[in-house]
Amino acid sequence: MSLLVCVSRRDNTKLLEELRAQLPGVDIFEWPHCPDLTQVEFVLAWNAPDELWAQLPNLQVVQSFGAGVDGIAQHLLPEHVQITRIVDEHLTNDMAEYVLTHILAYKLRLKQYFLQQQQGIWKPKRAHAGSHVGIMGLGELGRAVAGRLTDNNFTVSGWSASPKSFAEIDTYFGKEQLASFLGNLDYLVCLLPLTPSTKGILNKSLFSQLPSHCVLINVARGQHVIASDLIWALDNNELAAACLDVFTNEPLDDEHPFWLHPNITVTPHCAALTSVATACEQIAHNYLSLMNNQSLANTIDRAKGY
Ligand code: GLV
């Protein structure tokens with residue numbers, strides 16, 4: 001029985017060190033350096049290549065190295081394989097802080113004043129007025145963001161695929177209620193899981209249902225947005241601005257029009273970075289639970305895909 005780490009596009013030295021410290025005596029390998037893939041029952045994955053899964057006949061658990069599980073090709077995994085993800089108060093706190101900060105930065109015109117300072121321009125303006133935020137996706141992260149915003153006197157509405165209800169926020173669900181949810185928002189935050197039904201959901205038709213002064217904040221996945229529709233909406237006054245932390249290709253291509261668009265703020269997928277220390281605690285806990293036939297923490301619903 002062994003644990004395979006297949007976390008792409010990052011230096012995993014610290015992660016492996018911490019995992020080995022938390023799980024002494026366990027055989028831990030880093031893809032592609034694994035002497036016997038038939039021994040692997042537990043994989044820690046982030047953007048793992050599709051061809052990996054067919055080589056693991058004894059796979060029991062895939063643990064995502066993050067909150068999202070969309071980088072795991074679920075259709076290639078047998079039904080009995082459990083998928084789990086990191087749920088961590090640091091992640092939720094960082095996400096809530098990021099969203100609040102970017103909403104306040106827009107509201108208080110920080111980018112505008114920063115550009116004015118560079119040109120020595122003194123031109124005060126009242127802050128943007130609206131404070132109604134809509135959150136698409138009411139999982140752990142969406143709820144944490146909603147709480148942080150209501151604590152800071154924002155009015156929050158939430159939308160999700162199935163009905164959900166929480167104190168202090170109006171909730172909407174399903175396609176039928178999407179238009180009423182979008183109709184009077186000042187900010188729209190996307191925190192949806194990426195699934196076949198949410199891919200491309202931030203498109204021309206959705207933007208046209210928002211008030212034209214609305215600001216989009218996408219902290220979910222790049223694939224939620226149709227990039228050309230977003231640029232069209234911004235250039236045609238269907239939307240005021242966008243703050244994007246996630247992109248279909250990361251790092252964002254050098255030539256991508258998002259970089260230089262005056263109404264787009266780009267950040268490098270930094271809203272909520274998985275902390276190695278807390279992630280390793282959860283991974284070790286789940287690994288030991290698997291060994292002891294106990295139930296795992298933070299498993300997803302395989303039927304729903306999240
Ligand atoms: C980051 O995007 C994550 O899914 O944790």
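Q: Two strands pair if DSSP finds at least two bridges between them. In this predicted model, which strands stand at the edges of the open sheet of 7 strands?

A: The sheet has the order 8-7-6-9-10-11-12, and its pairing is parallel. A strand at either end of this order has a single partner strand, so one of its sides is left without a neighbour in the sheet. The edges are therefore residues 170-173 and 264-266, that is, strand 8 and strand 12.

Q: By how many degrees are neighbouring strands of this sheet turned against each other on average?

A: The 7 strands form an open sheet with parallel pairing. With direction ignored, the average turn between neighbouring strands of this sheet is 15 degrees.

Q: Which residue is the bridge partner of methionine 136?

A: Strand 6 covers residues 132-136, and 4 bridges join it to strand 9, residues 187-190. These two strands run parallel. The partner of methionine 136 is found in strand 9, and it is cysteine 190.

Q: What angle does the direction of helix 7 make with that of strand 11?

A: Helix 7, residues 227-235, packs on the sheet and touches strand 10 (215-218), strand 11 (241-244) and strand 12. Taken against strand 11, the direction of the helix makes an angle of about 145 degrees.

Q: In the open sheet of 5 strands, which are the edge strands?

A: The strand order is 2-1-3-4-5, with parallel pairing. Each edge strand pairs on one side only. They span residues 27-30 and 82-84, and are strand 2 and strand 5.

Q: What is the average twist from one strand to the next in this sheet of 5 strands?

A: The sheet is open and its pairing is parallel. From one strand to the next, the twist averages 20 degrees.

Q: Which residue of strand 3 stands opposite leucine 4?

A: Strand 1 (residues 2-7) and strand 3 (residues 40-46) run parallel and are joined by 6 bridges. Opposite leucine 4, in strand 3, stands valine 43.

Q: At about what angle does helix 8 run to strand 3?

A: Helix 8 is formed by residues 276-291 and lies across strand 1, strand 3, strand 4 (61-64) and strand 5. Relative to strand 3, the helix runs at about 155 degrees.

Q: How much of the ligand's accessible area does the protein cover?

A: The ligand is surrounded by Trp46, Gly66, Ala67, Gly68, Arg221 and His269, a shell that divides into 2 nonpolar, 3 polar and 1 charged residues. An oxygen atom of the ligand is 2.7 Å from a polar backbone atom of glycine 68, and one is 2.8 Å from a polar side-chain atom of arginine 221. An N or O atom in the side chain of histidine 269 lies 2.7 Å from an oxygen atom of the ligand. Of the 190 Å² that the ligand has accessible on its own, the protein covers 87%.

Q: Which proline follows tryptophan 31 through a cis peptide bond, and which follows glutamate 250 through one?

A: The bond from tryptophan 31 has an omega of about 5 degrees, and its proline is placed in the loop between strand 2 and strand 3. The bond from glutamate 250 has omega near -5 degrees, and its proline lies in the loop between strand 11 and strand 12. The residues asked for are proline 32 and proline 251.

Q: What is the phi of asparagine 47?

A: Asparagine 47 lies in the loop between strand 3 and strand 4. Although this residue is not a glycine, its phi is positive, at about 55 degrees.

Notes: Residues are numbered from 1 along each chain as its sequence is written. This is a predicted model: local features need pLDDT of at least 70, side-chain atom pairs count only at pLDDT 80 or more; totals for chains, interfaces and linings use all residues. Side-chain values use heavy atoms; hydrogens and water are left out. Helices (H or I, at least four residues) and strands (E, at least two) are DSSP runs, numbered from the N terminus. Axes are lines fitted to C-alpha atoms, for helices over the stretch in contact, and angles run from 0 to 180 degrees between N-to-C directions. Contact means heavy atoms within 4.5 Å. A residue is near a molecule or strand if one of its heavy atoms lies within 4 Å of it. A polar contact is a pair of N or O atoms within 3.5 Å; within protein, one must be able to donate a hydrogen and the other to accept it, and residues adjacent in sequence count only if both atoms are side-chain atoms. Accessible areas come from the Shrake-Rupley method with a 1.4 Å probe; for residues, only the protein chains shown count as cover. Ala, Val, Leu, Ile, Met, Phe, Trp, Tyr, Cys and Pro count as nonpolar, Asp, Glu, Lys and Arg as charged, and the others, Gly among them, as polar.
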